[in-house]
Amino acid sequence: MKLARAISMLLLALIVIVGLAAPLFAPYKYDQQFRESIASPPSKRFLIGTDDVGRDRLSRLIYATRISVLLVPAAALLSVALGLGISLVGPRWLISGLTTLFLSLPWIFAFIVMRSELPLNTSPAVSVMLTFALMGFAGWAYPARVFSGSLRQIEQSDWLLCCRASGMPFLRIAGRCIWPHLRSVAVAQFRVLIPAYILSEASLGLLGLGVAEPLPSWGTMLLELRRPDLVQANPWLLTPLCLLMVVMVCLEILDATPRKATAGEITS
Amino acid sequence: MAESLHDQPIAGLLRERIKPTAWLIGWGTAGGCLLAGLLASCAVWSAHPAVPVATASVSGLLLAIPPAVLGLAFFFLQAPLALVIALALVPRLYGTLIAILQDVNVSPMLIAARARGVGPIVIGFRYIAGAAASRLTALLGIAVVIAFGTAVPVEALCDVPGLGQLAWHAATARDLPLLCALALIITSGVTLLHAMGDILNAGLGGERA
């Protein structure tokens with residue numbers, strides 16, 4: 001398991017570095033068109049070929065990785081921050097009602113409803129930011145429910161009573177006393193949300209409701225899978241899916257190890 | 001109910017579309033629960049140390065594939081789409097089911113039953129299902145929500161005329177009245193399901209975890 005974890009960390013680090021330094025690693029710009037090589041097969045010039053409008057697929061995949069590497073954690077962070085903020089300041093009955101309501105509605109459906117209200121004439125850059133911001137906003141309920149549960153336990157603790165009795169202000173109590181207890185919960189929530197958001201972005205991209213063209217994302221790169229004849233003739237179209245699966249498996253391996261360790265601690 | 005932006009009565013649209021979705025979600029949820037239950041049972045009760053690793057790997061691999069891609073693959077292979085929902089549910093239920101089964105497995109009631117020589121079928125239905133009924137019902141409610149979330153891209157991409165496809169069409173056409181009606185119906189349905197689970201639990205005398 002240690003070896004699998006080390007390999008996963010190495011692979012993820014490599015993918016993140018390549019994604020962050022996309023302009024260095026990508027042979028071309030993501031929107032550069034080569035009209036003389038439309039839908040060309042892999043070659044020395046284009047390692048995984050070009051798409052229907054003559055853009056290098058490898059460059060687009062590297063830039064798509066950058067978008068996912070930067071914006072998926074940002075969306076997860078937004079969800080965790082919103083969940084924490086709402087559960088800290090909101091009245092208990094309201095949080096309970098709202099989280100039940102949000103969790104009753106499938107997440108992707110809530111996102112589709114919000115996405116449909118976006119203006120049509122937004123630029124690709126704004127659209128990508130809005131897509132991930134909405135993703136972060138729509139996913140606040142699950143962390144909020146977990147934080148509420150933890151806060152309920154904290155509220156009954158003697159040390160909190162002691163803090164209040166000593167006249168500490170709310171912000172100081174929240175920052176100095178409550179946050180250290182919630183930090184591990186927040187990290188766990190953040191780690192759970194990342195793979196969920198990667199998969200959601202992929203599904204939204206396949207539905208055409210994700211990142212707008214010409215910006216690439218893992219979801220929009222999967223759009224070509226909707227044409228089976230094309231995939232059968234050009235199996236290298238599966239490269240984005242393979243990359244996505246590698247990332248997901250690595251995240252799963254990294255997530256499983258601490259979970260096992262925690263379980264061991266609890267049972268022992 | 002009001003009319004959609006295309007002057008179609010929403011109630012009629014929902015009536016037309018609810019059957020394929022119910023079929024997809026029903027069979028998908030049943031299959032997913034069964035498969036996840038089988039995997040989790042193998043992982044908990046198998047004597048061989050390789051089995052939990054194998055089941056966790058299967059679950060992890062299924063989690064790594066976006067359900068929409070799985071749906072497309074099944075659509076082109078003309079395989080039953082309910083299986084997509086089932087396979088998408090497996091990794092999401094597997095971890096929780098393992099936790100439930102591990103809890104039940106060490107309960108004194110089950111150890112005593114085994115010591116008395118009670119058969120495996122009676123143990124499964126009476127002791128395990130009975131002891132974990134409240135948690136399993138709660139999990140079923142979550143499974144239905146996940147199944148519907150998975151059904152949206154599957155129906156939209158695989159041309160299934162269900163509520164998921166309707167939601168997708170409504171989103172692309174910016175049909176807010178229809179989207180609101182759908183959101184209301186789905187939320188009410190899931191809340192009703194949770195309430196039924198609670199009532200069932202109260203009837204069984206179980207406690208919700």
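How many residues does the contact take from chain A and from chain B? Hello everyone, let's start right there. The contact takes 30 residues from chain A and 32 residues from chain B, where contact means heavy atoms within 4.5 Å.

Some housekeeping before I go on. This is a predicted model, so local features need pLDDT of at least 70 and side-chain atom pairs count only at pLDDT 80 or more, while totals for chains, interfaces and linings use all residues. Residues are numbered from 1 along each chain as its sequence is written, chains are lettered from A and ligands numbered from 1 in the order in which they are written, and side-chain values use heavy atoms, with hydrogens and water left out.

Back to the interface. Chain A and chain B bury about 2700 Å² between them, and 79% of that is on carbon and sulfur atoms; buried area here is the accessible area, with a 1.4 Å probe, that two parts lose on being put together, summed over both. Of the area that chain A buries against chain B, Ser104(A), Phe109(A) and Leu207(A) supply 21%, more than any other three residues. And salt bridges? The rule finds 0 across this interface, a salt bridge being a side-chain nitrogen of Lys or Arg within 4 Å of a carboxyl oxygen of Asp or Glu.

Now chain A itself. Chain A has 12 helices and 0 strands; these are DSSP runs, H or I of at least four residues for helices and E of at least two for strands, numbered from the N terminus. The C-alpha trace of chain A spans about 75 × 50 × 30 Å along its principal axes. Of its 268 residues, 47% count as buried, and by buried I mean under 20% relative accessible area, with exposed over 50% and partly exposed in between, using a 1.4 Å probe and protein chains only. Among contacts in chain A with a separation of 6 or more, residues 24 or more positions apart account for 69%.

Please find helix α5 of chain A, residues 107-116. There, 8 of the 10 residues are buried, so the helix is largely enclosed by the rest of the structure. Phe109(A), which you just met at the interface, is one of the buried residues of α5(A), as are Ile108(A), Phe111(A) and Arg115(A), among others.

Next, a loop residue. Ser37(A) lies between α2 (22-25) and α3 (57-89) of chain A. Is Ser37(A) buried or exposed? Ser37(A) is buried, with a relative accessible area of 11%. Leaving aside residues up to four places away in sequence, Ser37(A) touches Arg45(A), Phe46(A), Thr50(A) and Gly54(A).

Over to chain B and some backbone angles. Most residues other than glycine have a negative phi. Gln78(B), however, has a positive phi of about 60° although it is not a glycine. Gln78(B) sits in the loop between α3 (67-76) and α4 (82-105) of chain B, and this residue is exposed, with a relative accessible area of 73%. Asp159(B) also has a positive phi of about 60° and is not a glycine. You will find Asp159(B) in the loop between α7 (133-158) and α8 (163-172) of chain B, exposed at a relative accessible area of 58%.

I'll finish on Thr172(B), in helix α8 of chain B. Thr172(B) is partly exposed, with a relative accessible area of 46%. From Thr172(B) to Leu136(B) is 36 residues in sequence and 37 Å in space, C-alpha to C-alpha. Thanks for listening!
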